[in-house]
Amino acid sequence: MAEEKRGVSRRDALTAMGAWSAAAAMAGDAEAAGQDQGKAGRAVAAKAAAGTHDEFLRELAALVNSTPMVDTHEHLPEEDVRLRGEWVPCDDWGVLFSHYLNSDLIAAGMPDEELARLLSREVEPAGKWKILAPYWPAVKNTGFARATRIAIRELYGIDELNVQTVRRLQAGYESLRKPGLYRRVLTEVGGIESCQVDGFGPYRESRQPQLMMQDMNVNGLHIGPDVENLAGPTGISVGELADWHTVIRWWFDKYGRYATAIKSPAAYGRGLDYQKVEAEQVEDVFRRVLEEGQVSAEERKRLGDHLFWYVVEQAVKHNLPVKLHTGYYYGNGYMPLERVAGNPAQAAGLCRLGPDVQWVFMHIAYPYWHDLLAVAKHYRNAHIDMCWAWIIDPVASTQFLKSHLVTAPANKVFVFGGDYIPVECIVGHARMARKGVTRALGELVDEDYISRSDALGLVEPLLRGNAHELYNLKVKSERLRGAPWA
Ligand SMILES: [Zn+2]
């Protein structure tokens with residue numbers, strides 16, 4: 001891993017991070033971090049402008065590694081839930097392979113039964129290496145594996161995974177997996193000031209509200225819809241479409257002021273071709289859905305279209321950006337690539353149909369990122385989130401960021417979201433993102449597209465400033481500090 005050595009080591013990074021950013025990040029005081037960051041950035045810029053290219057690259061890396069990062073997308077359970085061993089298939093080092101490396105193992109040919117043993121609670125942790133070993137050479141260099149390997153190195157001090165080190169890995173896993181896990185991993189090691197969590201439901205009252213900020217996952221409000229689970233907490237009895245509208249408004253009225261954004265993963269099941277459909281056109285369809293009567297696919301789509309725009313209207317009313325899954329599908333064996341390929345063009349359609357909506361297209365619509373870049377360049381209300389991207393394809397992600405910065409405005413991109421359930425792997429993904437940002441900026445300078453001082457000046461907005469701006473994080477953080485459940 002020669003390339004690791006050339007960069008700034010974790011020790012150097014933490015030294016460079018210094019008391020100011022660590023303290024500010026710990027306290028959740030983003031404003032102070034930003035101001036100090038600005039001063040530090042200007043001092044570094046003056047120094048770097050005069051030195052050799054290598055000196056500049058070292059300064060750039062130090063600045064990237066010392067800047068707290070806003071993490072715009074995770075699927076973390078609450079810490080106490082994770083510590084009880086829930087949301088994860090097993091509770092040993094196999095967890096680090098359960099999300100997302102399991103998908104690459106299957107693609108590499110590992111039979112389902114073998115994967116089930118690797119992630120089993122019944123198999124002895126030390127014995128699991130034998131299950132992994134035959135497939136390890138095939139997957140160890142994918143982005144999914146790289147994030148896991150970096151996490152193993154940074155959290156447990158293990159450089160190479162093998163039959164000898166696997167016991168040490170298990171011991172390290174157990175000693176870290178204690179109360180305080182999230183602060184330790186996210187804040188202290190990852191340098192992350194706050195996350196935006198999609199907890200797979202309309203909203204979660206987090207016990208760590210400022211670190212674990214929450215998006216409203218609106219899937220069940222517009223797909224299905226999930227009347228059984230989502231009407232319950234509201235106490236509203238649903239017989240008509242108008243009642244369901246009331247349920248939707250209830251969720252937004254209760255949590256809209258605390259949420260960072262709304263998120264819809266519905267592109268896993270349909271295209272983004274949401275047409276504007278009036279309520280009268282789907283009242284009858286809604287009634288039949290409730291009664292579990294005959295509903296055609298076309299009618300179901302129309303109801304989904306109507307509810308999508310109803311939800312989006314609520315998001316606009318509450319000043320919430322709308323995050324949409326685009327591109328690559330999690331897992332194996334079911335992705336219709338022709339539908340995925342249509343995501344960028346349909347995203348452009350949404351920008352036209354909803355000109356007052358702040359759209360955030362997630363995962364760079366991988367592998368159709370060129371097309372999505374055209375959308376962000378053209379439409380004022382289109383943003384691109386690189387969440388998940390660095391581990392899907394690290395090379396393309398570097399290329400994407402380079403292209404974005406010389407094609408579309410720099411305030412339209414968010415460079416990091418781990419997209420993980422197991423918190424440990426976020427450390428690996430965050431390191432890959434920081435390296436990727438450093439590499440992209442360094443190469444743009446080397447290729448004479450941008451100046452050294454512009455490269456240094458972009459670090460803060462890319463890692464945190466853009467997210468603060470669009471998601472209004474200072475205000476949200478203050479509201480969350482005073483939330484009834486805080
Ligand atoms: Zn996700």
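Start by selecting Asn472. With 16 C-beta neighbours inside 10 Å, Asn472 counts as partly exposed. You are looking at a predicted model, so read every value on this tour as computed from that prediction. Asn472 sits in the loop between α24 (452–471) and α25 (473–481). Check its backbone while you are there: phi is near 55°, a positive value in a residue other than glycine.

**A second positive phi**

Jump to Glu292, which belongs to the loop between α16 (283–290) and α17 (297–317). Here too phi is positive in a residue other than glycine, near 55°. Is Glu292 buried or exposed? Glu292 counts as exposed, because it has 7 C-beta neighbours inside 10 Å.

**The three-stranded sheet**

Now colour β1, β2 and β3. They form an open sheet of 3 strands in the order β1-β2-β3, paired in parallel. Each of β1 (69–74) and β3 (212–214) has a single partner strand and stands at an edge, so one side of each is left without a neighbour in the sheet. Turn the view to see the twist: on average, neighbouring strands of this sheet are turned by 25° against each other, direction ignored.

Zoom in on β2 (residues 192–197) and β3. These strands run parallel and are joined by 3 bridges. For a residue to click on, try Gln196, which stands opposite Met213 in β3.

**Helix α12 and its buried side**

Step back along the chain to α12 (residues 181–189) and show the side chains of Tyr182, Val185, Leu186 and Val189, which are buried. Why do they lie on the same side of α12? They cover an arc of only 135° around the axis, which puts them there together.

To see what lies over these residues, add α5 (79–83), α10 (143–156), β2 and α23 (424–446), which are included in the cover of the buried residues of α12. Before leaving, pick Gly191 just after α12, where phi is positive at about 65°.

**The six-stranded sheet**

Next, select β4 through β9. This open sheet of 6 strands has the order β4-β5-β6-β7-β8-β9, with parallel pairing. Its edge strands are β4 (216–217) and β9 (413–414), each of which pairs on one side only.

Centre the view on β7 (residues 359–362). Towards β6 (residues 322–325), the two strands pair in the parallel sense over 4 bridges. Two residue pairs help you line them up: Lys323 has Val360 as its bridge partner in β7, and His325 has Met362.

Now look towards β8 (residues 382–385). The pairing of β7 with β8 is in the parallel sense as well, over 4 bridges. Val360, the bridge partner of Lys323, also stands opposite His383 in β8.

Then show the side chains of β7 itself. Which residues of β7 are buried on its two faces? Trp359 and Phe361 are buried on one side, and Val360 and Met362 on the other, so that both faces of β7 are covered.

**Two cis peptide bonds**

Follow the chain out of β7 into the loop that leads to α20 (369–378), where you will find Pro367. The peptide bond from Tyr366 to Pro367 is cis, with omega near 0°.

For another cis bond, go to the loop between α5 and α6 (101–107), where Tyr100 lies. This time the cis peptide bond joins His99 and Tyr100, with omega at about 15°.

**Where α22 meets α23**

Finish with α22 (residues 394–407) and bring back α23. Their axes are 9 Å apart, and the helices pack at an angle of about 50°. That angle makes α22 oblique to α23. The crossing is right-handed.

To display the contact, select Pro394, Ser397, Thr398, Leu401, Lys402, Leu405 and Val406 of α22 together with Met432, Gly436, Val437, Arg439, Ala440, Glu443 and Leu444 of α23.

Make Leu405 the last stop. This residue of α22 is buried, because 20 other C-beta atoms lie within 10 Å. Beyond its neighbours within four places in sequence, Leu405 is in contact with Ala410 and Leu444. For one last distance, pick the C-alpha atoms of Leu405 and Tyr449: they are separated by 9.5 Å, with the residues 44 apart along the chain.

Definitions and conventions: Residues numbered from 1 in each chain as written. Predicted model: local features only at pLDDT ≥ 70, side-chain atom pairs only at ≥ 80, totals over all residues. Pairing = 2+ DSSP bridges. Axes fitted to C-alpha atoms, helices over the stretch in contact; angles between N-to-C directions. Buried ≥ 20, exposed ≤ 12 C-beta atoms within 10 Å, placed from the backbone. Arc of directions from axis to C-beta. Contact = placed C-beta atoms within 7 Å. Parallel < 35°, antiparallel > 145°, perpendicular 65-115°, else oblique. Left-handed = near helix turned anticlockwise from the far one by under 90°.
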